[in-house]
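Here is a friendly walk through one predicted model, sheet by sheet and helix by helix. Please keep the structure open beside you as you read.

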Amino acid sequence: MARYDRAITVFSPDGHLFQVEYALEAVRKGNAAVGVRGTDIVVLGVEKKSAVKLQDSRSVRKIVSLDDHIALACAGLKADARVLINRARIECQSHRLTVEEPVTVEYITRYIAGLQQKYTQSGGVRPFGLSTLIVGFDPYTGVPSLYQTDPSGTFSAWKANATGRNSNSMREFLEKNYKETSGHETIKLAIRALLEVVESGGKNIEVATMTKEHGLRQLEESEIDAIVAEIEAEKAAAEAAKKALAAPKET
Amino acid sequence: MKLDTTGMESAAPVWGSHNELVDGFSAAPSFELPNTTDFDGFQKEAIQMVKPAKGTTTLAFIFKEGVMVAADSRASMGGYISSQSVKKIIEINPYMLGTMAGGAADCQFWHRNLGIKCRLHELANKRRISVTGASKLLANILYSYRGMGLSVGTMIAGWDETGPGLYYVDNEGGRLKGMRFSVGSGSPYAYGVLDNGYRYDMSVEEAAELARRAIYHATFRDGASGGVASVYYVGPNGWKKLSGDDVGELHYRYYPVMPSTVEQEMAEVTGA
């Protein structure tokens, strides 16, 4: 056996794990992803690279399901994502097998984060280069949740969050505009956040919703276009209203 | 003779010893087996030697108010009664009980182990484990030791979010969900009384009396059962021990000795 035992992730003199920080850089270069939690729905949105002509876009789904009631979107190295997703799916089923109950969102998030942490403390491996957004409904209480994990292996719950390219602008937007929403309003909020950093249009974003009754549903391009049009119309109306308010003061 | 487990091994990890990173399915354990001429026959003999008959009577049933669990308290080694005061109802946690039939050590150890696992589940998931989950954990453990001579015939009774739960789990790895179970050498006798008197809508007192009688009747006819009939009730707030009556006393309570009328009194013969 080749001796790849030497750790790649080691501390720097000032207490940094550079490999983990470089992994975070890789995440920052990945596509934008946003997640918003509503009262009865959770929405995931991901930036799609502009349509490469010959590629079959159905084979590049960026929002995947881990179980009937849990979905995941990520930003970063997609190949690493595939490995992590497969392990998470196995764990979801393994949990169902050993205790005859579906996993909670927190449990599977803790598992994925634990896996990411393990690879920062083992010999011969590098950390996973991705941050994940995990959404789902608690199988017992029916409460929706949104969690985020990152290459260091930390995780936390969020009302709304963004990761990947330009995530700071998206997060700022969400902080300014977040309020408790449900159903269609939550979807609009998620798309509005994505549109801050992505060229508008249904073919540049992928959106999926998860509800307790219907599970994960990917939105069609036409549906996304319709919502984008709605958002633009609202923006235009808001602009017009502002102008109308400003006008009388001039005279 | 080494057990051939190559067919059961998972794909070998690329970097040798880092087994944690390829977890999910770890390689099956392998172990040395004895050198004998007739391995299959030897194994059967060894199991028969180790396997104690489950000399006991335990029963449990679900009814409208919850779960009733009862057991005797005799431990026997062949024809020798080694103890009349064995605790055969094991308290896994405040809302779950397990019954003991078969090897006392096996039952006690694995129930305590199950208690540990249940507590860890609670801490990890911030909610209690269900009776389904707990019984599944135990059944999986027993299945992995299948054929190695464990003797456990247990019932896991508890109350969880879905209401009362009752499962039968044994050393073969079998696991059954049910409303009424009785396990042990005295179980046929207990079943007779239990099945005859069972109604779903009984009160707690009625159900306790049914359980007590069933155990008493089993101890009356089965030599390997006796001692004290313990009755426990599991309700929405957890389990509670209702009674522990010596079966000898129960006998005279159910069948008090009537002073019999003497038909012919023997008179002292006077003289010769």
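Helix H4 (residues 187-197) of chain B lies across S1 and S10 of chain B, and its direction makes about 155° with that of S10(B). Helices (H or I, at least four residues) and strands (E, at least two) are DSSP runs, numbered from the N terminus. Axes are lines fitted to C-alpha atoms, for helices over the stretch in contact, and angles run from 0 to 180 degrees between N-to-C directions. Contact means heavy atoms within 4.5 Å.

This is a predicted model, in which local features need pLDDT of at least 70 and side-chain atom pairs count only at pLDDT 80 or more, while totals for chains, interfaces and linings use all residues. Residues are numbered from 1 along each chain as its sequence is written, chains are lettered from A and ligands numbered from 1 in the order in which they are written, and side-chain values use heavy atoms, with hydrogens and water left out.

The sheet beneath H4(B) comes next. Five strands of chain B form an open sheet in the order S10-S1-S2-S11-S12, with antiparallel pairing; two strands pair if DSSP finds at least two bridges between them. At its edges are strand S10 (180-183) and strand S12 (238-246) of chain B, each pairing on one side only. From one strand to the next, the twist averages 15°. Strand S1 (residues 58-63) of chain B is joined to S10(B) by four bridges, and B:Thr58 stands opposite B:Val183 in S10(B). Between S11(B) and S12(B) there are eight bridges, and a hairpin of two residues connects these strands. B:Gly235 stands opposite B:Gly238 in S12(B).

A second open sheet of chain B also has five strands, in the order S5-S6-S7-S8-S9, and its pairing is antiparallel. Strand S5 (89-93) and strand S9 (175-177) of chain B are the edge strands. Here the twist averages 20° from one strand to the next. Strand S7 (residues 153-160) and strand S8 (residues 163-170) of chain B pair over eight bridges, and B:Ala157 has B:Leu166 in S8(B) as its bridge partner.

Three further helices of chain B pack on these sheets, as the table shows.

| Helix | Strands touched | Angle |
|---|---|---|
| H2(B), residues 104-125 | S5(B), S6(B), S7(B) | about 15° to S5(B) |
| H3(B), residues 131-144 | S6(B), S7(B), S8(B), S9(B) | about 5° to S8(B) |
| H6(B) | S11(B), S12(B) | about 75° to S12(B) |

How do two helices meet each other? Helix H5 (residues 204-221) and helix H6 (residues 247-254) of chain B pack at an angle of about 105°, with their axes 10 Å apart. H5(B) and H6(B) are therefore roughly perpendicular to each other, a label for angles of 65 to 115 degrees. On the H5(B) side the contact includes B:Arg213, B:Tyr216 and B:Phe220, and on the H6(B) side B:Leu250 and B:Tyr254 are among the residues met. By class, this contact has five nonpolar, two polar and three charged residues; Ala, Val, Leu, Ile, Met, Phe, Trp, Tyr, Cys and Pro count as nonpolar, Asp, Glu, Lys and Arg as charged, and the others, Gly among them, as polar.

Now to the salt bridges, of which the structure holds 27 over all chains; each is a side-chain nitrogen of Lys or Arg within 4 Å of a carboxyl oxygen of Asp or Glu. One of them links A:Asp80 with A:Arg126, the closest N and O atoms being 2.8 Å apart. A:Asp80 lies in helix H2 (residues 78-99) of chain A and A:Arg126 in the loop between helix H3 (105-118) and strand S5 (130-137) of chain A, so the pair ties together parts that are 46 residues apart in sequence.

Finally, a word on confidence. The model scores ipTM 0.71 and pTM 0.77. Chain B averages a pLDDT of 85, and 86% of its residues score at least 70; pLDDT is the predictor's confidence in each residue, from 0 to 100. Over residues 11-18 of chain B the pLDDT is below 50. Where pLDDT is low, the predicted coordinates should not be read in detail.

Conventions
Parallel < 35°, antiparallel > 145°, perpendicular 65-115°, else oblique.
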